[in-house]
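This report is for a reader who has not seen this structure before. It takes up the surface first, then the pocket, the overall make-up and a few single residues.

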Amino acid sequence: MSAELATSYAALILTDDNVEITSDKLQTLLKAANVEVESIWTSLFAKALQGKDVEAMLSNVGAAGAAAPAGAVAAAGAPAAEEKAEEKKEEAKEESDDDMGFGLFD
């Protein structure tokens, strides 16, 4: 098992038990499970999750994309439409080169 995965599971266990996620508590839990993880991983996870509501983060996975305002979606779609139009123009140029009578195997 990788260090990141083991530490993630330990953080989820602590969250499920409503225990504050700290480096020491993560290390204790991992030692109890006979999993050796360098202390850097537990420190990184503890700092990253400090003050965060992990349960809320898990329950809102993917919800951020659905909450985008309609204006932002429309504005984001405009450049994509322009790119498609430019691609069609380039394709038309390439096709017109074939009509000149020049070919690779002529």
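## A nonpolar patch on the surface

Five residues, Leu5, Tyr9, Leu12, Leu58 and Val61, form a nonpolar patch on the surface of this predicted model. Together these residues have about 470 Å² of accessible area. Helix H1, which covers residues 3-16, supplies the largest share of the patch, namely three residues.

One member of the patch, Tyr9, lies in helix H1. Tyr9 counts as partly exposed because its relative accessibility is 42%, a value between the 20% limit for buried and the 50% limit for exposed.

## The largest pocket

The largest pocket has a volume of about 230 Å³. It is lined by 16 residues, and those closest to its centre are Val19, Glu20, Ile21, Leu49 and Lys52. Three elements each give two or more residues to this lining: H1, helix H3 (39-49) and helix H4 (54-59).

By type, the lining of the largest pocket divides into six nonpolar residues, six polar residues and four charged residues.

## Overall make-up

The protein chain holds six helices and zero strands. Read from the N terminus, its elements follow the order α-α-α-α-α-α. The chain has 106 residues, and buried residues make up 17% of them.

## Two asparagines with positive phi

Most residues other than glycine have a negative phi. Two asparagines in loops are described here with that in mind.

Asn18 is not a glycine, yet it has a positive phi of about 55°. Its place is the loop between H1 and helix H2 (23-32). With a relative accessibility of 66%, Asn18 counts as exposed, because the limit for that class is over 50%.

Asn34 also is not a glycine and has a positive phi, of about 60°. Asn34 lies in the loop between H2 and H3. Its relative accessibility is 72%, so Asn34 counts as exposed.

## Residues in H2 and H3

Is Leu30 buried or exposed? Leu30, which is found in helix H2, is buried, because its relative accessible area is 4% and the limit for buried is under 20%. Leu30 and Thr7 are 23 residues apart along the chain, and their C-alpha atoms are separated by 7.4 Å.

Ser39 is found in helix H3. At a relative accessibility of 46%, Ser39 counts as partly exposed. Ser39 and Leu26 are 13 residues apart in sequence, while the distance between them in space, C-alpha to C-alpha, is 9.2 Å.

## Helix by helix

The points above can be gathered by element. Helix H1 contains Tyr9, gives three residues to the nonpolar patch and is among the elements that give two or more residues to the lining of the largest pocket. Helix H2 contains the buried residue Leu30. Helix H3 contains Ser39 and, like helix H4, gives two or more residues to the lining of the largest pocket.

The loops can be listed in the same way. The loop between H1 and H2 holds Asn18, and the loop between H2 and H3 holds Asn34.

How values were computed:
Residues are numbered from 1 along each chain as its sequence is written. This is a predicted model: local features need pLDDT of at least 70, side-chain atom pairs count only at pLDDT 80 or more; totals for chains, interfaces and linings use all residues. Side-chain values use heavy atoms; hydrogens and water are left out. Patches are made of residues with over 30% relative accessible area and no salt bridge: like charges are joined within 9 Å, nonpolar side chains (Val, Leu, Ile, Met, Phe, Trp, Tyr) within 5 Å. Accessible areas come from the Shrake-Rupley method with a 1.4 Å probe; for residues, only the protein chains shown count as cover. A salt bridge is a side-chain nitrogen of Lys or Arg within 4 Å of a carboxyl oxygen of Asp or Glu. Helices (H or I, at least four residues) and strands (E, at least two) are DSSP runs, numbered from the N terminus. Buried means under 20% relative accessible area, exposed over 50%, partly exposed in between (1.4 Å probe, protein chains only). On a 1 Å grid over the protein atoms alone, a cavity is a set of points where a 1.4 Å probe fits but cannot get out, and a pocket is an open set with protein on both sides within 12 Å along at least five of seven lines; lining residues have an atom within 4 Å of a point. Grid points are joined across faces, edges and corners, and a volume is the space filled by probe spheres set on the points. Ala, Val, Leu, Ile, Met, Phe, Trp, Tyr, Cys and Pro count as nonpolar, Asp, Glu, Lys and Arg as charged, and the others, Gly among them, as polar.
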